[in-house]
Amino acid sequence: MSNKVLALYIAVIVIAAAYLLFFENVLGHSVRIGGQDHYFSAFDIVTIGISLVALVLLVLSFMAYRRHPDSRMLMVSFAFLLFTIYSILNAVDNFFLGGYSAIGIAEKVVQFLVLLTFLVILFKK
């Protein structure tokens, strides 16, 4: 993986964290157990479940990379990292923010980077 791609991923992670902390003030909001609809439903369970599964896949992919260092496996691990960030943004949007927020833009940027990562993996020689 080139240094430019790595720098792009690091920049996205830093921007996402800064966005949540400074612009959305996530730490200043209280948790709403029922999410945006104020009712704990299957949607809320699936939202939490996706975040947990993404985190498990992230850990497993980095463990696999450590065992067999390969640039493609590293890219897969970064894709899982981005997907984990996306799922956490989605959970934060549902359980902390509520209503309209610009967090949807951050989610779409991360989704785009996940797809871009998979394209790089597929077409990298």
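The following questions and answers cover the helices, core and surface of a predicted model.

Visitor: What conventions apply, and which elements does the chain run through from the N terminus on?
Guide: Residues are numbered from 1 along each chain as its sequence is written. In this predicted model local features need pLDDT of at least 70 and side-chain atom pairs pLDDT 80 or more, while totals for chains, interfaces and linings use all residues, and side-chain values use heavy atoms, without hydrogens and water. Helices (H or I, at least four residues) and strands (E, at least two) are DSSP runs numbered from the N terminus. The chain has four helices and zero strands, in the order α-α-α-α.

Visitor: How far apart are the end C-alpha atoms of helix H2?
Guide: The expected span of a helix is 1.5 Å times one less than its number of residues. For the 26 residues of H2 (residues 42-67) this gives 38 Å, and the distance in the model agrees, at 37 Å.

Visitor: Is serine 61 buried or exposed, and which residues is it in contact with, leaving aside neighbours within four places in sequence?
Guide: Buried means under 20% relative accessible area, exposed over 50% and partly exposed in between (1.4 Å probe, protein chains only). Serine 61 lies in helix H2 and has a relative accessible area of 5%, so it is buried. Contact means heavy atoms within 4.5 Å. Beyond those neighbours, serine 61 is in contact with Met73, Ser77 and Phe80.

Visitor: Which helix gives the most to the largest nonpolar core?
Guide: A nonpolar core is a set of buried Ala, Val, Leu, Ile, Met, Phe, Trp, Tyr and Cys residues joined through side-chain atoms within 4.5 Å. Of the 21 residues in the largest one, Leu20, Leu82, Ile85, Leu89, Ile103 and Val110 touch the most other members. Helix H1 (3-23), helix H3 (71-97) and H4 each supply at least two residues. The most, nine residues, come from H3.

Visitor: Which helix supplies the largest share of the nonpolar surface patch?
Guide: Patches are made of residues with over 30% relative accessible area and no salt bridge, like charges being joined within 9 Å and nonpolar side chains (Val, Leu, Ile, Met, Phe, Trp, Tyr) within 5 Å. A salt bridge is a side-chain nitrogen of Lys or Arg within 4 Å of a carboxyl oxygen of Asp or Glu; accessible areas come from the Shrake-Rupley method with a 1.4 Å probe, and for residues only the protein chains shown count as cover. Leu8, Phe112, Leu116, Leu119, Val120, Leu122 and Phe123 make a patch of about 690 Å². Six residues of the patch come from helix H4 (residues 103-123).
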